[in-house]
Structures are given as C-alpha cells and as structure tokens.
Amino acid sequence: MPEQHIDNEKIPTRLIGAIVAVGSLAFIGILTETVMTVLFPALMREFHVDTATVQWITTIYLLAVAATMPISSFLKRRFALKTIFLAAVILAIVGSLIMIVAQAFPLLIVARIIQGIGSGVATPLMINIILEQSPRSKIGRLMGVGSLVITVAPAIGPTVGGAVTTVLPWRAIFVIAIPLVLIAACIGMKCIEQKTPTEAAYLDPIQLGSIVVALVGLVLALNQGGVAISAAVSGKSATRSGIIAIVSLIAGLTLLIVFAMSSKRAFSPLLRLGILKDPAVLLHACAYLLLPLVAIGYGYVITNVAQLSLGTTAFVAGSLVLPGALVGAVCAPLGGWFYDKFGAVKPILIPIGIAILGPVLMLVFSMQLTPLLLAGFYFIFGLFYSIGNANVMTSGLSEVSPEFKPDGNAIFNTCLQFGGAAGTALFSTILSVAQAGAGEEGTAEFAHATAVGGTWTFATMTVICLIGWCCLATAFRIRAARSVHKSDHQ
C-alpha cells in the first residue's frame, strides 16, 4: 500500500509553475550565450575588433557563470528563494538593456558579465527547487525536465541566432528576451514557495575570493593555453598568451588548494566539500565534468568541420547539430522516467554506452564524412547522451543528506560549466594545431587538414567518454558493495 501511495504522488501545480519560471530564466540565459557565437562576424564589423578580441564575449560570460555557481549554496541558505529569483530577473533585464543600447565593445563585455552572473544564479536555483520540493517518486522526471531546459538552449542557439540575424538586427534578440523574462518573473513570483527557513549563513571573503579567482584562473588558463598553442604551431608569437596561461594556471591551482583548506577549517563553509569524501559521489562529479566536456564541445567541432572541411554554409552547419540536440533534449525527461522506474544503474550506463558510438563512428569515417553522416552520428550521441546524463546528478546526490544537497548542486553545476569551457578550448586547440601551416581557408589542403583535426578530435572525444562511463560504472560497483556490506551487518 505505501508503494502504491508513493507511485501516485502528485506534482503540485505551483511547483510546475516555479520550475517553468526559473527554468525559462536559465533557458534564456543559456540561449543568448550560444546565440552570440553566430554573431561574431557582425560584432567584428560593427565594433572593429579582431577574432581574438570578439571571443571575449563568450569567454567572459563563461567566467562569470563559473565564478557565480559556487555561491549558489550560500545564497540558498541565506536568502529566500523569491529574493534570489528576483535578483536573477533584474540581472537578466539589465544585461539585455545594455546589450541593446551599447555603442562600445567594453560595454558589451560588462553586459555579458551581468548576464553571466544572472545565469549562474538561475540554473542552480532551478535544480535546488526540484531537489527540495519534488515528490520523491517523481524526482527523476523533474530533473529530466531541468536537464531539458539546460540542453535545448545550446541546441537551438546557433540556429535561432542565424535565423533572427538574417531578417533583423542582432540587438533584436535581446529586445525579444526582455518580455520573456518579465513573463517568467510574473509566474515565478506567484508560484515559488519557501519550504525551508533561511539561515544566518556567513560569507567568508577569503573563501569567496579564492574560489572565484581559482575558477576564473583555470578557465582563463585553458582559453589562453589554446591560443598560445595555436599561435606557436602557426609560427606566430605565443609569448603573451603563453605567459597569461601559465600564470593563470598557477594562480588557479594555488587558490583552489587555499579554498579547500579554508573550507575544511571554516565553521560555515561556502561549499561543504566533505560530500566528495564519498568515492561514489566524487566519481559521479568526475563523470559530470567529463561528459559535458564532449557534449558542449561537439557543437563547435561539427560546425567547424562542416564549414571548413566539407564547405557547407554557416546555416547548414548549425542545422546539423539541431536534430540530435533537440530530440535528445526533449527525451531527457524520458531518462528521468526510466530512473524513477528502474533505479540509476541501467538508465545511466546503457544510454551513455550507446552514446559513445557517436564519436566512435565519427572517428571511423572521419576522412569520408558528409553533412548527412555528421548529422546522423551526432544524432546517436545527442539522443542517448541526453537520456543518460540527465540522471547523473540525480544519482550522484541521491545518498547525500538533504541539508548538503545545495552544496552538491553547486559542485555539480560548477563541474558542468567548467567542463563546457574546457571542451571548447580543448577541441578548438586540436583543430587549430591540425590546420596550422595548411594554407588559406577554402583550399583543398586546408580542408584536408581540418578533416585530420576532426580525426584527432573524435579520438579524444571517444577516450573522454570511455573514462566518464568507467567512472560511473565504478561508482555503481562501490554502491552495490556498500549495500551488500550494510545488509550483512543488519
């Protein structure tokens, strides 16, 4: 009878409204981030900046998101959910308004920082609401919906950007975003409920400063390291970017250690890293860092290989990613339903195992690829990755005490953001190294070099996916052994 009662648990209407509102905010933030990559040529012309400079539009946004994610646990403990939501709404609107009126490139950078902080607040807030307020038997499905929000936006971003900018000025994207944010604000203020009391949590400036600078340093090291390697292989000067990369890496790693040590001694730590002492949670977090590294980097690789090796237009190249990413994202709640029905092991390991076929097939056919094959092989990856990966955080946090779940949410979301930044930096570097010295873009030699770079990239992706899958398989083995040990002692 209790089993029957659990299965029939209803999802409250106000919870659905809260998830839709906060999810819409996160969706708009991620969408505008991916739309910007399509706008680079237009921005370069309008603001008279080069490729290296215009890329800061994306890099600075990722830095702002990565730096904000770790404080989501503190915000959840210290402030009411509606207050956090309202702050995210204001940041999104202010950022969009600056993007609409900005006449100088530095102002665009300021706007992207504000928007990045807003996204860094909104995404963990959505996951915290789901983890805290969902009926236990429906948590997999609702986490799948959360994953749907996070994965649909990057899937359709390039296509939306290409479509809008063909008929309207690029600033129209942010004009359209503002009323959508206001509608989400109205729904959120009506539906978000406070289920747990706030605490007098303390924000240690040393911990805050060390984790923010550490994450910014590591993302910057990856970005500038890629620039330096590409420049060195091309025969250009790599001194400046190389020095920035090395200094950023040393600073990032040093301050990460400072943060970990200060958190251990603190009475009210910014992030309670003790949950990572459980090897099963740690292995889930590692997989959640590695698998999105491939998933987010995939869009960059496919669009570049399609244009620079196969000679497609930018619009066609962006469309190749759309079917796999969109169908996969829509199917993410299906993965959550499997999780609720069958537990964690099979609904995670089987789909992710099938998803690895995507980069394997890309690797096998890398020198004979066509746009149709690119779209088809990515479809395999996008569909099954979304079904399986939607459950990784849910599974990782399933044995974490409720009071520590916001910390786990912050850690997993930081892994996701850092993995995405690392993936783009890593794969763009591999392609640049392959293309170096291969002549001008548009020549047969350059197209062949890009195809070779694609081969190296798909091999790297396959290895990363296999390591991520092995992390999860090991985590489940540890859990199984633990539960056998527990039953033997009862």
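## Cavities, a pocket and helix contacts in a predicted model

The second largest cavity is lined by S72, L75, K76, I84, V121, P124, L125 and N128. Two elements, α5 (72–78) and α7, each give two or more residues to the lining of this second largest cavity, and α7 supplies the largest share of that lining, with four residues. When the lining residues of the second largest cavity are sorted by class, five are nonpolar, two are polar and one is charged, while the space inside this cavity comes to about 50 Å³. The model described here is a predicted one, and the values that follow should be read with that in mind.

A search of the whole structure turns up two cavities of 30 Å³ or more. The largest cavity has a volume of about 120 Å³, and its lining consists of L25, I28, G29, T32, A88, A92, S96, Q115, G118, S119, A122 and V181. The elements that contribute two or more residues to the lining of the largest cavity are α2 (13–47), α6 (81–101) and α7 (105–133). By class, that lining holds six nonpolar and six polar residues, with no charged residues.

A pocket can be set beside these two cavities. The second largest pocket has a volume of about 1000 Å³, and 32 residues line it, of which L131, S134, R136, I139 and K405 lie nearest its centre. Two or more residues of the lining of the second largest pocket come from each of α1 (2–7), α5, α7, α8 (139–167), α13 (314–342) and α18. Among the elements, α13 gives the most to this pocket lining, with four residues. The table places the three spaces together, with their volumes and the classes of their lining residues.

| Space | Volume | Lining residues by class |
|---|---|---|
| Largest cavity | about 120 Å³ | six nonpolar, six polar, no charged |
| Second largest cavity | about 50 Å³ | five nonpolar, two polar, one charged |
| Second largest pocket | about 1000 Å³ | 11 nonpolar, seven polar, 14 charged |

The helices that take part in these linings also pack against other helices. α6 and helix α9 (residues 172–191) pack at an angle of about 170 degrees, and their axes are 9 Å apart. Because of that angle, α6 is roughly antiparallel to α9. On the α6 side the contact involves K82, F85, L86, V89, A92, I93, S96, L97, M99 and I100, which meet F174, V175, A177, I178, V181, L182, A184, A185, G188 and M189 in α9. The residues of this contact of α6 with α9 divide into 17 nonpolar, two polar and one charged. A92, S96 and V181, which belong to this contact, are also among the residues that line the largest cavity.

α7 takes part in a second packing, with helix α18 (residues 405–435), where the two axes come within 10 Å and cross at roughly 140 degrees. Because of that angle, α7 is oblique to α18, and α7 passes α18 in a right-handed crossing. In this contact, T123, P124, I127, N128 and L131 of α7 meet P406, N409 and N413 of α18. By class, the contact of α7 with α18 has four nonpolar and four polar residues, and no charged residues. P124 and N128 of this contact appear again in the lining of the second largest cavity, whereas L131, also in the contact, is one of the residues nearest the centre of the second largest pocket.

A further pair of helices is formed by α12 (residues 279–308) and α16 (residues 371–389), whose axes come within 12 Å and cross at roughly 160 degrees. The two helices, α12 and α16, are therefore roughly antiparallel to each other, and their crossing is left-handed. The contact is made by Y288, L291, P292, V294, A295, Y298, I302, V305 and A306 of α12, together with L374, Y378, F381, Y385 and N389 of α16. By class, this contact of α12 with α16 has 13 nonpolar residues, one polar residue and no charged residues.

Conventions
Residues are numbered from 1 along each chain as its sequence is written. This is a predicted model: local features need pLDDT of at least 70, side-chain atom pairs count only at pLDDT 80 or more; totals for chains, interfaces and linings use all residues. Side-chain values use heavy atoms; hydrogens and water are left out. On a 1 Å grid over the protein atoms alone, a cavity is a set of points where a 1.4 Å probe fits but cannot get out, and a pocket is an open set with protein on both sides within 12 Å along at least five of seven lines; lining residues have an atom within 4 Å of a point. Grid points are joined across faces, edges and corners, and a volume is the space filled by probe spheres set on the points. Ala, Val, Leu, Ile, Met, Phe, Trp, Tyr, Cys and Pro count as nonpolar, Asp, Glu, Lys and Arg as charged, and the others, Gly among them, as polar. Axes are lines fitted to C-alpha atoms, for helices over the stretch in contact, and angles run from 0 to 180 degrees between N-to-C directions. Angles under 35 degrees count as roughly parallel, over 145 as roughly antiparallel, 65 to 115 as roughly perpendicular and the rest as oblique. Contact means heavy atoms within 4.5 Å. A crossing is left-handed if the near helix is turned anticlockwise from the far one by less than a right angle, and right-handed if clockwise.
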